[in-house]
Amino acid sequence: MRILSAITFQDIFKSSFTENIVSFSIMDTAIAMVLAFCIGLFIFMVYKKTFNGVLYSSSFGVSLMAMTLITTFVILAVTSNVVLSLGMVGALSIVRFRTAVKEPLDIAYLFWAIASGVVLGAGMIPLAVIGTVLIGVLMLVFVNRKPGETPYIVVVRCSNEEAEKDCITEIKDSTKKQVIKSKTVSKDGIEITVEVRLQQMATEFINRINCIEGVQSAVLVSYNGDYAGC
């Protein structure tokens, strides 16, 4: 009873929680968050400039900015308290992200935003700025770089094997390079898919293929995915 009576109202509020209020600099926090916003905005602009996918998602670009800001203030909190850092590691270890990444390059942008936030939160401002600018320049140069020859895919549907041989002969005579990607045989006929390199962007051979007896359809499409034989 004597020990309990010795505890005053003031002693209750003497805890590490109140001490942490003055354990960090408000000015440093404000500078780090402003820089995180600027770097996140820069990452967003680079992503928007280099996007080559089918459907652009503005929400993903905004999430890159938010990822940079969130990571920065988390690291600011972690670096100010060792006990908090251990608890944060345990909390983040149970987080699972279920959103599917449509483009492989999006993963690089996510790691870029997270890494920038980590470096800023650790107080390495010159490294964060120089690294962000360097990565941004490399992204703009290499992502927007166009290949020397644009690959195309020819899809031909024919009714018999003789028509298939005539189509392959016509493709070989009219293109610089040909690679058969797939062949499907069914009761309705034969479908072949051929990757080609055009000769001076000439596409008239598709018309000639469509006129071959036994050909049901002929399609030429641009192909910007992974391809063999480059």
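**Exercise 1. Decide whether V129 is buried, partly exposed or exposed in this predicted model, and say which element holds this residue.**

Step 1. The relative accessibility of V129 is 36%. Step 2. Buried means under 20% and exposed means over 50%, with partly exposed in between. Step 3. V129 therefore counts as partly exposed, because its relative accessibility is 36%. Step 4. As for its place in the chain, V129 is found in helix 8.

**Exercise 2. Find the nonpolar surface patch to which V129 belongs, and work out which helix gives the most to this patch.**

Step 1. The patch covers about 870 Å² and is made by M27, I31, I125, V129, V133, L134, V137, L138, V141 and F142. Step 2. Two elements give two or more residues to this nonpolar patch, namely helix 4, which spans 26–50, and helix 8, which spans 125–143. Step 3. With eight residues, helix 8 gives the most to the nonpolar patch.

**Exercise 3. Describe the sheet: state the order of its strands, name its edges and follow one pairing down to a pair of residues.**

Step 1. The sheet is open and consists of four strands in the order 2-3-1-4, with antiparallel pairing. Step 2. Its edge strands are strand 2 (175–186) and strand 4 (215–222), each of which pairs on one side only. Step 3. On average, and with direction ignored, neighbouring strands of this sheet are turned by 15° against each other. Step 4. Strand 2 pairs with strand 3, residues 189–198, in the antiparallel sense over ten bridges. Step 5. At the level of single residues, V185 has I190, in strand 3, as its bridge partner.

**Exercise 4. Determine which helix packs on this sheet, and which strands this helix touches.**

Step 1. The helix that packs on the sheet is helix 9, made of residues 161–174. Step 2. Helix 9 touches strand 1 (151–158), strand 2, strand 3 and strand 4. Step 3. The direction of helix 9 makes about 160° with that of strand 2.

**Exercise 5. Place these parts in the chain as a whole, using its elements, its contacts and its surface.**

Step 1. The chain has ten helices and four strands, and along the sequence they follow the pattern α-α-α-α-α-α-α-α-β-α-β-β-α-β. Step 2. Among contacts in the chain with a separation of 6 or more, 72% are accounted for by residues 24 or more positions apart. Step 3. The chain has 230 residues, of which 27% count as buried. Step 4. The chain exposes about 15600 Å², and carbon and sulfur atoms supply 65% of this area.

Note on methods. Residues are numbered from 1 along each chain as its sequence is written. This is a predicted model: local features need pLDDT of at least 70, side-chain atom pairs count only at pLDDT 80 or more; totals for chains, interfaces and linings use all residues. Side-chain values use heavy atoms; hydrogens and water are left out. Patches are made of residues with over 30% relative accessible area and no salt bridge: like charges are joined within 9 Å, nonpolar side chains (Val, Leu, Ile, Met, Phe, Trp, Tyr) within 5 Å. Accessible areas come from the Shrake-Rupley method with a 1.4 Å probe; for residues, only the protein chains shown count as cover. A salt bridge is a side-chain nitrogen of Lys or Arg within 4 Å of a carboxyl oxygen of Asp or Glu. Buried means under 20% relative accessible area, exposed over 50%, partly exposed in between (1.4 Å probe, protein chains only). Two strands pair if DSSP finds at least two bridges between them. Axes are lines fitted to C-alpha atoms, for helices over the stretch in contact, and angles run from 0 to 180 degrees between N-to-C directions. Contact means heavy atoms within 4.5 Å.
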